[in-house]
Amino acid sequence: MAKWLMAAGVLLLLLGVALHYAPGLLNWFGKLPGDIRIESVRSRTFIPITSMIVLSVVLTILVNLFRR
């Protein structure tokens, strides 16, 4: 369990550094076809379906690579 927490911490640190020095790196997230954005006068709703599917596939591949 401790190894997974340390790995998650390192990944979050790397993501933070990447976003700090290259803020345009993840501009695509939330703007893919299939992401639902509903805006009205009083409210905004955003449902990133396609972005979450892409993220899920990438994380599944990474976890399977590290487990073997």
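Let me begin with Asp-35, which is buried, meaning under 20% relative accessible area, where exposed is over 50% and partly exposed lies in between, with a 1.4 Å probe and protein chains only, and which nevertheless has no salt bridge. A salt bridge here is a side-chain nitrogen of Lys or Arg within 4 Å of a carboxyl oxygen of Asp or Glu, and the nearest side chain of opposite charge, that of Arg-37, is 6.8 Å away from Asp-35. For charge, Lys and Arg count as positive and Asp and Glu as negative, while His and the chain ends are not counted.

I should say at once that this is a predicted model, in which local features need pLDDT of at least 70 and side-chain atom pairs count only at pLDDT 80 or more, whereas totals for chains, interfaces and linings use all residues. Residues are numbered from 1 along each chain as its sequence is written, and side-chain values use heavy atoms, with hydrogens and water left out.

Where does Asp-35 sit? Its place is in the loop between α1 and β1, the latter being 36-39; helices (H or I, at least four residues) and strands (E, at least two) are DSSP runs, numbered from the N terminus. A polar atom of the Asp-35 side chain lies 3.1 Å from the backbone nitrogen of Leu-32, and for the backbone nitrogen of Ile-49 the corresponding distance to a polar atom of that side chain is 3.4 Å.

Turning to helix α2, Ser-51 lies there and counts as buried because its relative accessibility is 0%. The side chain of Ser-51 reaches the backbone nitrogen of Gly-30 at 3.0 Å.

Now for the largest pocket, whose volume is about 640 Å³. On a 1 Å grid over the protein atoms alone, a pocket is an open set of points where a 1.4 Å probe fits, with protein on both sides within 12 Å along at least five of seven lines, and lining residues have an atom within 4 Å of a point; the volume is the space filled by probe spheres set on the points, which are joined across faces, edges and corners. Of the 17 residues in this lining, those closest to the centre are Leu-11, Leu-55, Val-58, Leu-59 and Leu-62.

Helices α1 (2-21) and α2 (49-67) each supply at least two lining residues, and α2 gives the most, with 7. Two residues found in α2 are Leu-55 and Val-58: Leu-55 is partly exposed because its relative accessible area is 36%, and Val-58 is partly exposed as well, at 40%.

Notes: Polar contact = N/O pair within 3.5 Å; in protein donor to acceptor, adjacent residues only side chain to side chain.
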